[in-house]
Amino acid sequence: MQTIISHIAEQTLDLGKQIGQLAPSPFAIALKGDLGSGKTTFVQGLAKGLGVADTYYVTSPTFNIINEYPAKGIRLCHLDLYRLGSADELEYIGFDDLGGPEDIIVVEWPEFLEEMQFKFDLEILFEFDADYNRVISLSPSGQTGINLVSNLFL
Ligand SMILES: Nc1ncnc2c1ncn2[C@@H]1O[C@H](COP(=O)(O)OP(=O)(O)O)[C@@H](O)[C@H]1O
Ligand SMILES: [Mg+2]
């Protein structure tokens, strides 16, 4: 596991951007951490790194649960499962249509998917330290995730 301290939002954006630039498709990322810890900020950087056009404004899909953003050769699927009542509801939100070879999946509040043994390549935990910095821990699993993390400039 690798840990970095992010003092300002730009650092979290930059981490997302780097990961977006390096991520192969398909790739799946789980984002954990309390409200306001920087998960959506990370996804904004990720979108940039993947080449999602600036005309898309990336916000938390808290109410619509899934937002999709096309980019060259890939599709960014941003999920926020905070309001999902149970794992059964994943079917109704169209989760089964995701996970194609071009999909980069990034999930805020991923617990229901973990319950269903969904395999993430990378889990990222966002925590606050005493000075309100973000402590960001990267836990890759599998060779794809490990390769990506080892290529980051942290
Ligand atoms: N180091 C940092 N990393 C990420 N966000 C930060 C940081 N410092 C301040 N912020 C601010 O904190 C808020 C994080 O919100 P958001 O990314 O929506 O969190 P979450 O999706 O986890 O609820 C944003 O307003 C962002 O500008
Ligand atoms: Mg969010």
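**Close-up views of a predicted model**

**View 1. Strands E6 and E7 form an antiparallel pair.** In this predicted model, seven bridges hold E6 and E7 together in the antiparallel sense. Look along the pair and you will find Phe126 matched with its bridge partner Ile136 in E7. Glu123 faces Ser139 of E7. Five residues lie between the strands of this hairpin, and Tyr132 adopts a positive phi near 70 degrees there.

**View 2. Strand E6 also pairs with E2.** Here E2 and E6 run parallel and are joined by five bridges. One place to start is Ala30, whose bridge partner in E6 is Glu123. As a reminder, strands of a sheet pair through backbone hydrogen bonds, either parallel or antiparallel.

**View 3. Seven strands make up an open sheet.** Following the sheet from one edge to the other, you meet the strands in the order E1-E7-E6-E2-E5-E4-E3, with mixed pairing. Strand E1 (2–6) and strand E3 (66–71) each have a single partner strand, so one side of each has no neighbour in the sheet. On average, neighbouring strands are turned by 20 degrees against each other, direction ignored.

**View 4. Helices H1 and H4 lie across strands of the sheet.** H1 crosses E1 and E7, and its direction makes an angle of about 140 degrees with E1. Helix H4, made of residues 142–150, lies across E1, E2, E6 and E7 and runs at about 135 degrees to E7.

**View 5. The largest nonpolar core brings together helices and strands.** This core has 32 residues, and those touching the most other members are Ile29, Leu50, Leu76, Ile104, Val106, Val107 and Ile124. At least two core residues come from each of helix H1 (9–22), helix H2 (39–50) and strands E2 (27–33), E4 (74–80), E5 (103–108), E6 (122–128) and E7 (134–140). Zoom in on Ile124 to see its contacts beyond four places in sequence: Ile29, Leu31, Phe42, Ile136, Ser137 and Leu138.

**View 6. Ligand 1 sits in a shell of 17 residues.** Thr12, Gly38, Lys39, Thr40 and Thr41 come nearest to the ligand. Two elements, H1 and H2, give two or more residues to this shell. Sorted by character, the shell around ligand 1 has eleven polar residues, three charged and three nonpolar.

Conventions
Residues are numbered from 1 along each chain as its sequence is written. Chains are lettered from A and ligands numbered from 1 in the order in which they are written. This is a predicted model: local features need pLDDT of at least 70, side-chain atom pairs count only at pLDDT 80 or more; totals for chains, interfaces and linings use all residues. A nonpolar core is a set of buried Ala, Val, Leu, Ile, Met, Phe, Trp, Tyr and Cys residues joined through C-beta atoms within 7 Å. A residue is buried if 20 or more other C-beta atoms lie within 10 Å of its own, exposed if 12 or fewer, and partly exposed in between; C-beta atoms are placed from the backbone. Helices (H or I, at least four residues) and strands (E, at least two) are DSSP runs, numbered from the N terminus. Two residues are in contact if their C-beta atoms, placed from the backbone, lie within 7 Å. A residue is near a molecule or strand if its C-beta atom, placed from the backbone, lies within 6 Å of it. Ala, Val, Leu, Ile, Met, Phe, Trp, Tyr, Cys and Pro count as nonpolar, Asp, Glu, Lys and Arg as charged, and the others, Gly among them, as polar. Two strands pair if DSSP finds at least two bridges between them. Axes are lines fitted to C-alpha atoms, for helices over the stretch in contact, and angles run from 0 to 180 degrees between N-to-C directions.
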